[in-house]
Amino acid sequence: MYAIIKHGGKQYKVSVGDELKLDSFEAEKKAIVELSEVLAVNDKELKVGAPFVAGAKVILEVINHGKDKKIIIYKKRRRKDSKLKRGFRRQFTRVVVKEIKI
């Protein structure tokens, strides 16, 4: 059984026991979070929502919060010694999928 969920403008294919890095959101460690934005569920038969599957929920447990590795953005232009260097670290919330309800 798997489900396709939407969170933070991105879509994820999840099944029970999967560990995900979602965009950071407010929740404490070991908190239970329910996502009702389920786009599709496959339980021997594919159910696709329009846009969401009615009554379907994915239950997540928050493991921790953190930051990813730094990504360096470097732009150099040919003339006038013009260059730009910036870094970016994405903040995430690590969760584990506990249950998929239909």
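**Strands, salt bridges and a nonpolar core**

Reader: In which strand is the place of F88?

Author: F88 belongs to one of the strands, which are DSSP runs of E with at least two residues, numbered from the N terminus, and its strand covers residues 83-88. This is a predicted model, in which local features need pLDDT of at least 70 and side-chain atom pairs count only at pLDDT 80 or more, while totals for chains, interfaces and linings use all residues. Residues are numbered from 1 along each chain as its sequence is written, and side-chain values use heavy atoms, with hydrogens and water left out. The strand that holds F88 is β9.

Reader: What accessible area do I71, I73 and F88 have together?

Author: These residues form a nonpolar patch on the surface, a patch being made of residues with over 30% relative accessible area and no salt bridge, where nonpolar side chains (Val, Leu, Ile, Met, Phe, Trp, Tyr) are joined within 5 Å and like charges within 9 Å. F88 counts as partly exposed because its relative accessibility is 46%, given that buried means under 20%, exposed over 50% and partly exposed in between. By the Shrake-Rupley method with a 1.4 Å probe, and with only the protein chains shown as cover, the accessible area of I71, I73 and F88 together is about 280 Å².

Reader: How many salt bridges are there?

Author: A salt bridge is a side-chain nitrogen of Lys or Arg within 4 Å of a carboxyl oxygen of Asp or Glu. By this rule, the count of salt bridges is 7.

Reader: How many residues apart in sequence are the parts that E19 and R94 tie together?

Author: The side chains of E19 and R94 meet in a salt bridge, with N to O at 3.5 Å. E19 lies in strand β3 (residues 19-23) and R94 in strand β10 (residues 91-101), so the parts tied together by this pair are apart in sequence by 75 residues.

Reader: Which residues are joined into one network by salt bridges that share partners?

Author: R90 and D23 form one salt bridge, with their closest N and O atoms 3.2 Å apart. R90 lies in the loop between β9 and β10, whereas D23 lies in strand β3, so this pair ties together parts that are 67 residues apart in sequence. R90 is partly exposed, because its relative accessible area is 23%. The K57 and E34 pair also links distant parts of the chain, from strand β7 (residues 57-67) to strand β4 (residues 32-35), while the network joined through shared partners consists of K10, K21, D23, D68 and R90.

Reader: Which residues have the most contacts inside the largest nonpolar core?

Author: A nonpolar core is a set of buried Ala, Val, Leu, Ile, Met, Phe, Trp, Tyr and Cys residues joined through side-chain atoms within 4.5 Å. The largest one has 19 residues, and those with the most contacts inside it are I5, V14, L20 and V58.

Reader: Which residue in the hairpin of β5 and β6 takes a positive phi?

Author: Strand β5 is largely enclosed by the rest of the structure, because 4 of its 5 residues are buried. Strands pair if DSSP finds at least two bridges between them, and β5 runs antiparallel to β1, with 4 bridges, and also antiparallel to β6 (residues 46-48), with 3 bridges. The hairpin of β5 and β6 has 3 residues between the strands, and the residue with a positive phi near 70° is K44.

Note on methods:
Buried means under 20% relative accessible area, exposed over 50%, partly exposed in between (1.4 Å probe, protein chains only).
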